[in-house]
Amino acid sequence: MKVLVINGVNLNMLGIREPDLYGDKSYASLVKSIKKEAKALGLGVKCVQSNGEGKIVTYIQRALGKYDAIVINPGAYTHTSVAILDALKAVNIPTYEVHLTDVDSREDFRKISYVSLVAKSRITGLGFEGYYKALRMIAGKDDPKENA
Ligand code: DQA
C-alpha cells in the first residue's frame with residue numbers, strides 16, 4: 001500500500017514555531033520518523049509539504065490512481081478550505097486527518113474542520129505519534145473508529 005502524507009501551511013516551521021504547542025522537533029525529523037514507521041509497517045510512503053492551498057489541492061488530485069491512502073494535516077487550512085475538502089471528495093481516497101495539537105480544546109475557530117467531513121479518522125493532540133497512529137490504521141493494526 002502506498003500512502004501520501006500531506007502537511008500544509010506552516011508545518012515546515014516545526015521546531016521553530018510555538019515550541020510549547022508544537023514541540024522542538026523539525027519538519028525534517030517528522031518526515032524521517034514517518035518513513036521509519038511506514039517501513040516497519042510495510043507501507044510505501046511519500047511526504048510532501050506546502051504553504052499553498054492550491055498546491056495542496058494539486059497534490060491531492062495527482063494522488064488519484066497512485067496512492068491508496070492520504071494522511072493530511074492541512075494546518076490552518078483545516079478550518080477554512082472548502083477547496084481541499086472538494087479535492088479529497090473528488091479523488092475519494094481514504095483520508096486520515098492528523099493534528100499535532102488537541103484542536104478542539106483550543107480557540108473556537110479551530111473546532112471547525114472541513115477535512116473531517118470526509119476523513120475516516122481524526123487524530124488530534126498526539127504530536128508526531130498521531131501520524132504513526134494514522135499509518136497503523138492504514139496498515140490495519142489500529143482501529144480507525146477509535147479516533148473518529
Ligand atoms: C494544526 C492545528 C491548526 O489549528 C494550526 O493552524 C496548525 C497546526 C496542528 O497540527 O495541531 O497549523 O493543524
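# A guided tour of the sheet, its helices and the ligand site

Begin with the strands: an open sheet of 5 strands runs in the order 2-1-3-4-5, and its pairing is parallel. The edges are formed by strand 2 (44–49) and strand 5 (121–124), each of which pairs on one side only. From one strand to the next, the twist averages 20°. Please keep in mind throughout that this is a predicted model. As a general point, strands of a sheet pair through backbone hydrogen bonds, either parallel or antiparallel.

## First stop: strands 3 and 4

Select residues 69–73, which form strand 3, together with residues 95–99, which form strand 4; the two pair in the parallel sense over 3 bridges. To find one of the bridged positions, highlight V71, whose bridge partner in strand 4 is Y96.

Next, select the helices that pack on the sheet. Helix 3 (residues 53–62) touches strand 1 (2–7), strand 2 and strand 3, and its direction makes about 175° with that of strand 1. Helix 5 (residues 129–138) also packs on the sheet, where it touches strand 1, strand 3, strand 4 and strand 5. The direction of helix 5 makes about 165° with that of strand 4.

Now isolate strand 4 again. How many of its residues are buried? The count is 5 of 5, so that the strand is mostly covered, by the definition of buried as under 20% relative accessible area. Rotate the view to compare its two faces: T95, E97 and H99 lie on one side, Y96 and V98 lie on the other, and all are buried.

## Second stop: I138 in helix 5

Select I138, which lies in helix 5. Is this residue buried or exposed? I138 counts as buried because its relative accessibility is 8%. Display its surroundings: leaving aside residues up to four places away in sequence, I138 touches M1, V3, L43, A69, V71 and Y96. Two of these contacts, V71 and Y96, are the bridge partners selected at the previous stop. Then add D68 to the selection; D68 and I138 are 70 residues apart along the chain, and their C-alpha atoms are separated by 9.0 Å.

## Third stop: the ligand

Select the ligand and the residues around it: R17, Y22, N73, G75, A76, H79, H99, L100, T101, V103, R106 and R110. One of these, H99, has already appeared among the buried residues of strand 4.

Three side chains may be examined for polar atoms beside the ligand.

- R17: a polar side-chain atom lies 3.1 Å from an oxygen atom of the ligand.
- N73: an N or O atom of the side chain is 2.8 Å from a ligand oxygen atom.
- R110: an N or O atom of the side chain is 2.8 Å from an oxygen atom of the ligand.

How much of the ligand does the protein bury? Taken alone, the ligand exposes 320 Å², and the protein buries 98% of that.

Stay with R110, which is placed in the loop between strand 4 and strand 5. R110 is buried, since its relative accessible area is 16%. Its side chain makes a polar contact of 2.6 Å with the side chain of E107. Apart from residues up to four places away in sequence, R110 touches H79, V103 and R122. Of these, H79 and V103 are also among the residues around the ligand.

## Fourth stop: S50

Move to the loop between strand 2 and helix 3 and select S50. With a relative accessible area of 9%, S50 is buried. A polar atom of the S50 side chain lies 2.9 Å from the backbone nitrogen of G52. Beyond residues up to four places away in sequence, S50 touches N7, G8, V9, K55, I56 and Y59.

## Last stop: two backbone angles

Most residues other than glycine have a negative phi. Select N10, in the loop between strand 1 and helix 1 (19–22). N10 is not a glycine, yet its phi is positive, at about 75°. N10 counts as partly exposed because its relative accessibility is 36%.

Finally, select E18, which lies in the loop between strand 1 and helix 1. What is the sign of phi in E18? The value is positive, near 30°, in a residue other than glycine. E18 is partly exposed, with a relative accessible area of 46%.

Technical notes:
Residues are numbered from 1 along each chain as its sequence is written. This is a predicted model: local features need pLDDT of at least 70, side-chain atom pairs count only at pLDDT 80 or more; totals for chains, interfaces and linings use all residues. Side-chain values use heavy atoms; hydrogens and water are left out. Two strands pair if DSSP finds at least two bridges between them. Helices (H or I, at least four residues) and strands (E, at least two) are DSSP runs, numbered from the N terminus. Axes are lines fitted to C-alpha atoms, for helices over the stretch in contact, and angles run from 0 to 180 degrees between N-to-C directions. Contact means heavy atoms within 4.5 Å. A residue is near a molecule or strand if one of its heavy atoms lies within 4 Å of it. A polar contact is a pair of N or O atoms within 3.5 Å; within protein, one must be able to donate a hydrogen and the other to accept it, and residues adjacent in sequence count only if both atoms are side-chain atoms. Accessible areas come from the Shrake-Rupley method with a 1.4 Å probe; for residues, only the protein chains shown count as cover. Buried means under 20% relative accessible area, exposed over 50%, partly exposed in between (1.4 Å probe, protein chains only).
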